[in-house]
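Open the structure in your viewer and keep the selection tool at hand. The tour below goes from one selection to the next.

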Amino acid sequence: MPQATETPRAAVPQEIDVVVVGAGFGGMYMLHCLRGIGLSAIVFDTAAGVGGTWYWNRYPGARCDVESMQYSYSFSEQLQQEWQWSEVFAGQPEILRYANHVADRLDLRRDMRFETRVSAAEFDAATRRWTVRTDRGDVVRATYCVMATGCLSAARMPDLPGLASFKGNTYHTGHWPHQGVDFSGLRVGVVGTGSSAIQSIPVIAAQAAHVTVFQRTPNFSIPSRNGPMPDAYAQSWKDDYTARRAEARASRNGILAYPNDQPAIDTAEPERTAIYEQRWESGGTTFMAAFNDLIFNQASNDTAAEFVRGKIRQMVKDPARAELLAPSSHPIGTKRICVDTDYYLSYNRPNVDLIDVRGAPIEAVTPDGLRVGGKDYAFDAIVFATGFDAMTGALTRMGIVGRAGQALADKWQAGPRTYLGLMTAGFPNMFMITGPGSPSVLSNMMVSIEQHVDWISDCLAHLTERRLDRIEPILAAEDEWVQHVNDVAYTTLYPQAASWYMGANIPGKPRVFMPYIGGVGAYRKKCDDIAANGYDGFMLSGPAGVAIAAE
């Protein structure tokens with residue numbers, strides 16, 4: 001019987017118009033748009049297939065916190081109409097199937113190279129081109145680079161002594177084995193209580209002999225109320241997609257949340273509680289749209305936070321455990337609010353323990369488990385739900401060098417600096433999809449991805465039509481934008497939380513509020529106005545090197 005042979009990897013062109021890094025939803029749509037404006041492109045991704053974060057994050061219970069009917073591409077009416085979601089909040093396997101469906105329908109894979117990591121990208125001012133190198137030995141010269149690396153793609157393992165000595169298996173929720181994990185009969189330690197832990201703990205607890213959760217900071221979580229997708233609900237969206245998408249694009253966070261335009265603090269307590277109850281029963285992150293001042297007014301925020309703490313106390317039978325799970329160190333919503341299925345109820349199970357590590361942190365990994373506060377805990381497996389080096393990690397680790405030999409990691413040493421979250425001064429022709437300084441993680445990522453890709457493709461078409469080949473932000477424009485991003489952030493309660501929005505989960509990372517909180521609709525208008533004004537704040541030039549647009 002003949003042995004199967006590996007399919008040969010298609011050749012990589014040495015010269016190309018655009019290199020795209022990342023084959024998630026950003027990179028996929030970017031490739032489609034580049035083809036549409038007649039530019040040649042190649043996409044590199046370390047994964048073995050498309051999907052980005054949904055390729056890697058296969059942990060038990062992984063699910064989107066945006067409703068399925070809104071977490072999808074809007075650029076193709078055919079795609080919108082033909083795809084059928086099975087659940088109100090789609091799980092990882094279904095979202096990955098959707099990504100593969102799109103890749104098939106648009107024939108994207110022929111211009112993608114998988115299992116290939118970009119190890120370096122350097123701009124040559126003399127040739128006005130980027131040289132991109134990969135771990136497979138590829139060397140590609142391109143006029144433009146588009147970083148579609150994702151905001152949550154650089155998984156963070158904690159720096160714990162003895163990690164290599166553990167005799168059991170360790171897992172990170174951001175790099176889950178594709179064959180799955182059977183925890184039946186095992187003693188499992190879970191480190192972290194962020195979104196991935198909140199989704200995975202109920203599933204693991206239903207399977208494992210015993211689960212011990214190590215919590216440093218409790219998070220607010222709202223029940224998803226997930227279930228099968230009602231046919232009538234799906235059809236109502238498909239019949240009205242044009243209007244609903246337009247409304248979402250003009251909203252604060254790119255999600256139709258039907259916000260209540262009244263302040264919580266000015267609402268009588270019985271009515272306020274009734275509104276919170278309605279949002280709680282509806283489920284999902286739209287709870288934060290219950291009133292219009294929850295992220296601006298501490299007193300209003302306190303009413304929402306105390307409502308959710310009250311729900312936690314109702315659900316968790318052990319009063320002491322309930323208090324450990326009830327967040328009190330940050331305003332609700334200033335860390336990414338989580339969405340769950342039976343998370344708090346899991347702590348009523350006899351096989352689930354909760355260990356508070358705020359006062360007694362994890363000291364070490366031992367051959368048999370974890371040592372915390374001088375006490376040893378024995379496990380057969382440890383799950384690290386410890387998050388990501390968000391928004392910047394994938395870029396600063398890539399070996400990106402701009403003009404004058406400046407490394408991106410050096411430029412961003414005190415925090416990321418961008419113009420609009422799209423480009424950064426000193427790095428001509430390098431675009432970022434949902435980069436720091438854009439709404440990105442504070443929004444429906446699909447809405448923000450499409451807006452960025454559309455803007456970038458329109459910009460490249462503009463340059464091509466005018467025989468230009470270089471664009472770079474003016475430093476003064478970048479400085480003004482960075483200041484604006486921070487000024488807007490500090491009009492809200494967000495900076496009060498030691499969140500990954502601030503880089504607080506990475507030891508030594510500068511505390512800078514990275515996403516733009518001014519709203520998806522306002523941000524879109526700003527980007528469109530800048531383009532309409534001849535790309536105000538950017539320097540554009542042609543092969544002769546003579547600037548033709550500036551200031």
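Which residues does Met28 touch, not counting residues up to four places away in sequence? Select Met28 and show its surroundings: the residues in contact are Ala23, Val50, Gly51, Tyr73, Ala99, Val102, Ala103, Leu108 and Met112. Keep in mind throughout that this is a predicted model.

**The nonpolar cores**

Now widen the selection. Met28 belongs to the largest nonpolar core, which has 124 residues. Add Phe25, Phe183, Phe431 and Phe538, which together with Met28 are the residues with the most contacts inside this core. Next, colour helix α13, residues 445–465: with 9 residues, this helix gives the core its largest share. Apart from this core lies another one, of 23 residues. To find it, select Val118, Ala121, Trp130 and Met432, which are among its members.

**A pair of strands**

Select residues 210–215, which form strand β9. Is this strand largely enclosed or largely open? Of its 6 residues, 5 are buried, so β9 is largely enclosed by the rest of the structure. Add residues 187–191, strand β8; the two strands pair in the parallel sense, over 5 bridges. For one of the bridge partners, pick Arg187 and look across to His210 in β9.

**Two residues with positive phi**

Go to Tyr258, in the loop between α7 (241–249) and α8 (269–282). Tyr258 is not a glycine, yet its phi is positive, at about 50°. Then go to Leu420, in the loop between α12 (408–411) and β18 (430–432). Leu420 is not a glycine either, and has a positive phi of about 70°.

Is Tyr258 buried or exposed? Its relative accessible area is 52%, and exposed means over 50%, so Tyr258 counts as exposed. Is Leu420 buried or exposed? Here the relative accessible area is 0%, and buried means under 20%, so Leu420 counts as buried.

**A pocket**

The last stop is an open space. Rolling a probe the size of a water molecule over the atoms shows where empty space is left. Select Arg252, Asn253, Met288, Ala289 and Leu442 to arrive at the second largest pocket, which has a volume of about 860 Å³. Those five are the closest to the pocket's centre of the 36 residues that line it. What kinds of residues make up the lining? Colour the lining by type: it divides into 21 nonpolar, 10 polar and 5 charged residues.

Technical notes: Residues numbered from 1 in each chain as written. Predicted model: local features only at pLDDT ≥ 70, side-chain atom pairs only at ≥ 80, totals over all residues. Heavy atoms only, no water. 1 Å grid on protein atoms, 1.4 Å probe; cavity = no way out; pocket = protein on both sides within 12 Å on 5 of 7 lines; lining within 4 Å. Points joined across faces, edges and corners; volume = space filled by probe spheres on them. Nonpolar A, V, L, I, M, F, W, Y, C, P; charged D, E, K, R; others polar. Helix = DSSP H or I, 4+ residues; strand = E, 2+ residues; numbered from the N terminus. Buried < 20%, exposed > 50% of the residue type's maximum accessible area, 1.4 Å probe, protein only. Core = buried A, V, L, I, M, F, W, Y, C linked by side-chain atoms within 4.5 Å. Contact = heavy atoms within 4.5 Å. Pairing = 2+ DSSP bridges.
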